[in-house]
Amino acid sequence: MRGPGHGATTVWVYDERRRVRDDVAARLVALPFVGRVEVVGDAAALVQRLATRQPDVLLVGTQRAVDTGLTVATQVIRTHPTVPVLVLGAPDDAETVRAAVAVGARGYLRWDASALEMGLGLSRVGLRADGRPPQPAPAPVPLNSVGAPVPAWATPLNGAGPRVVSTPVREAAPAVTLSMREMQVLTGMSQGKSNAQIGRELYLSEDTIKTHARRLFRKLGAKDRAEAVATGFRRGMMS
């Protein structure tokens, strides 16, 4: 499927679930710098396609119950290291965040992300507004018109379409110091615990845990739990 603008960026979306693929593709084509979106629902077909041509960015969907998405992401990263891979997953799936970063994914995108967040996620992998690889100093991606209505004409390749969410895993930034409580809260998040569970373990109220969470999000430059956990692992705060 092609976008409504004159963008040159080609994005591929791999996910075994048709609904997810269709939703993701529909949001991607609304981005002004995206020229073409291709969707794939079969791992073998994806490998075969990569053998002849490559996208500017590949989005790989994951599921908490199975590891097929991460397996595909790992295979692509090892055989085609120049292809930027972003992983799609649940916002509270800390284990997938950790695994995705460990295998070399450039970012972790939430399934509930807006088109604007998806655009920011794509820009984090170094693409310019024209979709080409960045020069020594990559130019920022203009996202002024990302809020346009999502077109309904997304044509899936190999049968399927998308449903997206995006929040990138931040790259290493200046050193950040978290308090003991903030580290305890971040550790609890990495273990998939709710604020209430963390509060019970630390003998603190849920509201107090939320306060610590907001502070650590601000320090790490994260928008949510998944991004905070991913940043913590990337910076070596947790192991």
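**A chain of nine helices and five strands**

Half the story is inside: of the 239 residues in the protein chain, 50% count as buried, where buried means under 20% relative accessible area, exposed over 50% and partly exposed in between, with a 1.4 Å probe and protein chains only as cover. This is a predicted model, so local features need pLDDT of at least 70 and side-chain atom pairs count only at pLDDT 80 or more, while totals for chains, interfaces and linings use all residues. Residues are numbered from 1 along each chain as its sequence is written, and side-chain values use heavy atoms, with hydrogens and water left out.

The secondary structure of the protein chain adds up to nine helices and five strands; helices (H or I, at least four residues) and strands (E, at least two) are DSSP runs, numbered from the N terminus. Along the sequence they follow the pattern β-α-β-α-β-α-β-α-β-α-α-α-α-α. Taking contacts (heavy atoms within 4.5 Å) between residues at least 6 apart in sequence, 76% join residues at least 24 apart. The accessible surface comes to about 11,100 Å², and 53% of that belongs to carbon and sulfur atoms; these areas come from the Shrake-Rupley method with a 1.4 Å probe, and for residues only the protein chains shown count as cover.

Helix α7 spans residues 195-202, and its buried residues are Asn-195, Ile-198, Gly-199 and Leu-202. They sit on the same side of α7, because they cover an arc of only 100° around the axis, the arc being that of the directions from the helix axis to the C-beta atoms. The cover over these buried residues includes α6 (180-190), α8 (206-220) and α9 (225-234). Just after α7 comes Tyr-203, with a positive phi of about 60°.

One of the residues in helix α8 is His-212. At 13% relative accessibility, His-212 counts as buried. Leaving aside residues up to four places away in sequence, His-212 touches Arg-181, Glu-182, Val-185 and Leu-204.

How many of the ten residues of α9 are buried? Eight are, so α9 is largely enclosed by the rest of the structure. The buried residues are Ala-226, Glu-227, Ala-228, Val-229, Ala-230, Thr-231, Gly-232 and Phe-233. At the N-terminal end of α9, Asp-224 acts as a cap, with a side-chain oxygen 3.3 Å from the backbone nitrogen of Ala-226. Just after α9, Gly-236 takes a positive phi of about 80°.

How values were computed. A polar contact is a pair of N or O atoms within 3.5 Å; within protein, one must be able to donate a hydrogen and the other to accept it, and residues adjacent in sequence count only if both atoms are side-chain atoms.
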